[in-house]
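Here is a short report for a reader meeting this protein for the first time. Take a look at the sequence and the model, then read on.

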Amino acid sequence: MKVLIIEDEKLLADSLKALLESKGFEVEAVYDGESGAEYAELGIYDLLILDVMIPGMDGYQVARHVRAKRCSTPILMLTAKSGLEDRIDGLNAGADYYLTKPFDSRELLACINALLRRQGNQVDELVCGNTALELATGMLVCGEKRLRLSAREFDVMRFLMQSRNQIVPKEVILAKVWGFDSNAVENHVEVYVGFLRKKLQSIGSNVKIQAIRRLGYHLEVEEEC
């Protein structure tokens, strides 16, 4: 799970980052609203932790920007403002939950887990054409045939299936799967797409990973079920 922290209090941001990394999350932190909006727009994060009072764009503006880009990533908004109108403003801007400072780390983790659980329980598999990707097992399924994917293959396939109606640039796949600060290059994406194409073919899938020159990849179904 990848988390983006947008918080201008560097000490707090870094302590939150250390806390979440100790719980197994992959975490990045930025310290102003404009950078936060730019990072969030990539769509590579599973959760945004967003402070209200940040320089550049404030938290409300960042949340509205993210939602205007049709990004459905859960937003946990942090603020020292505890008034009812402030909470309403945050929720109306697109936040999913509003946590008032100061807060206990246990409360923060409970909120994060609740948001991610709500997100994850919406589906237990992704389906495209005659093929399903089981999120709990990492299995690619077509009819009676089942094939387990490696962790990296699973991440690439999941992202492509989640973005089925869009063309996904290689650099976005690279950031989503390998991480924004990774040293991996676009050739890594090409290699794993090649692995997935062979595995889809081996189980009789009618799903094809099509390359769109200079743009990226998207999924096509030869025959809809």
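The protein has eight helices and 11 strands. The model is a predicted one. Its C-alpha trace spans about 55 × 35 × 30 Å along the principal axes. For 225 residues, a compact globule would have a radius of gyration near 17 Å; the protein has 19 Å, which agrees.

Buried residues make up 45% of the 225 residues. The accessible surface comes to about 11,900 Å². Carbon and sulfur atoms account for 47% of that surface. Among contacts between residues at least 6 apart in sequence, 54% join residues at least 24 apart.

**The cores**

The largest nonpolar core has 29 residues. Met157, Ile173, Trp178, Ile209 and Leu219 have the most contacts inside it. Seven elements appear in the table; each supplies at least two residues of this core.

| Element | Residues |
|---|---|
| Strand S6 | 125–128 |
| Strand S8 | 139–142 |
| Helix H6 | 151–162 |
| Helix H7 | 170–178 |
| Helix H8 | 186–202 |
| Strand S10 | 207–212 |
| Strand S11 | 216–221 |

Which element gives the largest share of this core? H6 does, with six residues. Apart from this core lies another, of 23 residues. Ile44, Ile54, Cys71 and Ile75 are among its members.

**Helix H6**

H6 has 12 residues, and at 1.5 Å a residue they should span 16 Å. The end C-alpha atoms of H6 are 16 Å apart, so the span agrees. Which residues of H6 are buried? They are Glu153, Phe154, Val156, Met157, Phe159, Leu160 and Met161. An α-helix has 3.6 residues a turn, so residues three or four places apart point the same way.

**Leucine 219**

Leu219 is one of the residues with the most contacts inside the largest core. What does leucine 219 touch, leaving aside its neighbours within four places in sequence? Its contacts include Met157, Leu160 and Met161. Arg164 and Cys128 are also in contact with leucine 219. So are Val207, Lys208 and Ile209.

**Valine 185**

Valine 185 sits in the loop between H7 and H8. Is valine 185 buried or partly exposed? Its relative accessibility is 43%, so valine 185 counts as partly exposed. Asparagine 92 is 93 residues from valine 185 along the chain. The C-alpha atoms of the two are separated by 39 Å.

Definitions and conventions. Residues are numbered from 1 along each chain as its sequence is written. This is a predicted model: local features need pLDDT of at least 70, side-chain atom pairs count only at pLDDT 80 or more; totals for chains, interfaces and linings use all residues. Side-chain values use heavy atoms; hydrogens and water are left out. Helices (H or I, at least four residues) and strands (E, at least two) are DSSP runs, numbered from the N terminus. The expected span of a helix is 1.5 Å times one less than its number of residues. Buried means under 20% relative accessible area, exposed over 50%, partly exposed in between (1.4 Å probe, protein chains only). A nonpolar core is a set of buried Ala, Val, Leu, Ile, Met, Phe, Trp, Tyr and Cys residues joined through side-chain atoms within 4.5 Å. Contact means heavy atoms within 4.5 Å. The radius of gyration is taken over C-alpha atoms; the globule rule is 2.2 Å times the number of residues to the power 0.38. Accessible areas come from the Shrake-Rupley method with a 1.4 Å probe; for residues, only the protein chains shown count as cover.
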